[in-house]
Amino acid sequence: MPTEKSIQDIRTWRIGRAAAGTFGLIFALIYLFEARTLPLGRMNAPGPGIYPVVVGSILALVSVAVIAGALWSRVAGTTAFPTGKDLRRVATAFGAFVLYVALLNVAGFIVATPLLVTFYTRIVGKISWFKAAASGIGLTLLIWAIFVFVLGVRLPTSLWG
């Protein structure tokens, strides 16, 4: 027989998960609304609007799944706020993304992206700096080639061109 505390734990868990899913869904809908002005292009020549539509749609679907999972959940999950080294790693990873956004328009995609990927894979993946740099440069070149040559989409360049 469930106790009052276990019922309250489940309720709190469900409300928290549903709230997180709702915030994600609201963000996705705003993102999709803002992306509506970008041309989608055609199937054989996608335009700059295709990326935000795909990303926004995926975020919306994941958010709906989180909400549904929260509503149908019968047990409270367990989560804990990171502490110690884990908290520093999370804060460092978040800081890397903030710095990436700041650098993207100043330094451009070709400079900012390998720096982010290298740093992020080194911190999160705990691999050597050499392997992290190789993956950062390789992934950046792959993404750049796909966007420029396959999709025909220009990526952000630096302030200097």
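The largest pocket is lined by 19 residues, and those nearest its centre are Tyr 31, Tyr 51, Val 55, Leu 104 and Phe 147. Keep in mind as you look around that this is a predicted model. The pocket's volume is about 490 Å³.

Who builds the wall of this pocket? Helix H1 (4-35), helix H2 (50-72), helix H3 (84-107) and H5 each supply at least two residues of the lining. H2 gives the largest share, with five residues. As for the chemistry of the lining, 18 residues are nonpolar, one is polar and none is charged. If you wonder how such a space gets found at all, rolling a probe the size of a water molecule over the atoms shows where empty space is left.

**Leu 104, from the pocket outwards**

Let's pick one of the residues nearest the pocket centre, Leu 104. Leu 104 sits in helix H3. Is Leu 104 buried or exposed? Its relative accessibility is 19%, and because the cut-off for buried is under 20%, Leu 104 counts as buried. Setting aside neighbours within four places in sequence, Leu 104 is in contact with Phe 109, Ala 112, Pro 156 and Thr 157. Now trace the chain back to Ile 7: the two residues are 97 places apart along the chain, and their C-alpha atoms are separated by 47 Å.

**Helix H4 and its cover**

Two of those contacts of Leu 104, Phe 109 and Ala 112, turn up again in helix H4. H4 covers residues 109-125, and its buried residues are Phe 109, Ala 112, Thr 113, Pro 114, Leu 116, Val 117 and Thr 118. What covers them? H3 and H5 are included in that cover.

You can see the H5 side of this through Thr 140, which lies in helix H5 (residues 129-150). Leaving out neighbours within four places in sequence, Thr 140 is in contact with Phe 109, Ile 110, Thr 113 and Pro 114. Thr 140 counts as buried, at 3% relative accessibility. After H4 comes Lys 126, with a positive phi near 55 degrees.

**Rings that meet**

How many aromatic pairs does a search of the whole structure find? It finds three. Two of them are in the table.

| Pair | Distance between centres | Angle between planes | Type |
|---|---|---|---|
| Phe 27 and Tyr 31 | 6.2 Å | 20 degrees | stacked |
| Trp 144 and Phe 149 | 5.4 Å | 85 degrees | edge-to-face |

Why do the two pairs get those type names? Planes under 30 degrees apart count as stacked and over 60 as edge-to-face, so the 20 degrees of Phe 27 and Tyr 31 makes that pair stacked, and the 85 degrees of Trp 144 and Phe 149 makes that pair edge-to-face.

Phe 27 and Tyr 31 are both in helix H1, four residues apart, about one turn of the helix. In general, an α-helix has 3.6 residues a turn, so residues three or four places apart point the same way. Tyr 31, also listed among the residues nearest the pocket centre, counts as partly exposed at 29% relative accessibility. In the other pair, Trp 144 is partly exposed with a relative accessible area of 30%, while Phe 149 counts as exposed at 61%.

Rings can have another kind of company, too. The charged end of Arg 36 sits over the ring of Phe 33, 3.9 Å from the ring's centre.

**Two distances to try yourself**

Back in helix H1 you'll find Leu 29. Leu 29 is partly exposed, with a relative accessible area of 48%. From Leu 29 to Arg 14 is 15 residues along the chain, and the C-alpha atoms of the two are separated by 22 Å.

Then compare Asn 44, in the loop between strand S1 (41-42) and strand S2 (45-46). Asn 44 counts as exposed, at 65% relative accessibility. How far apart are Asn 44 and Val 150 in sequence and in space? They are 106 residues apart in sequence and 9.8 Å apart in space, C-alpha to C-alpha.

Key:
Residues are numbered from 1 along each chain as its sequence is written. This is a predicted model: local features need pLDDT of at least 70, side-chain atom pairs count only at pLDDT 80 or more; totals for chains, interfaces and linings use all residues. Side-chain values use heavy atoms; hydrogens and water are left out. Buried means under 20% relative accessible area, exposed over 50%, partly exposed in between (1.4 Å probe, protein chains only). Contact means heavy atoms within 4.5 Å. On a 1 Å grid over the protein atoms alone, a cavity is a set of points where a 1.4 Å probe fits but cannot get out, and a pocket is an open set with protein on both sides within 12 Å along at least five of seven lines; lining residues have an atom within 4 Å of a point. Grid points are joined across faces, edges and corners, and a volume is the space filled by probe spheres set on the points. Ala, Val, Leu, Ile, Met, Phe, Trp, Tyr, Cys and Pro count as nonpolar, Asp, Glu, Lys and Arg as charged, and the others, Gly among them, as polar. Rings of Phe, Tyr and Trp (its six-membered ring) pair if their centres lie within 6.5 Å; planes under 30 degrees apart count as stacked, over 60 as edge-to-face and the rest as tilted. A charge sits over a ring if NZ of Lys or CZ of Arg is within 6 Å of the ring centre and within 35 degrees of the ring normal.
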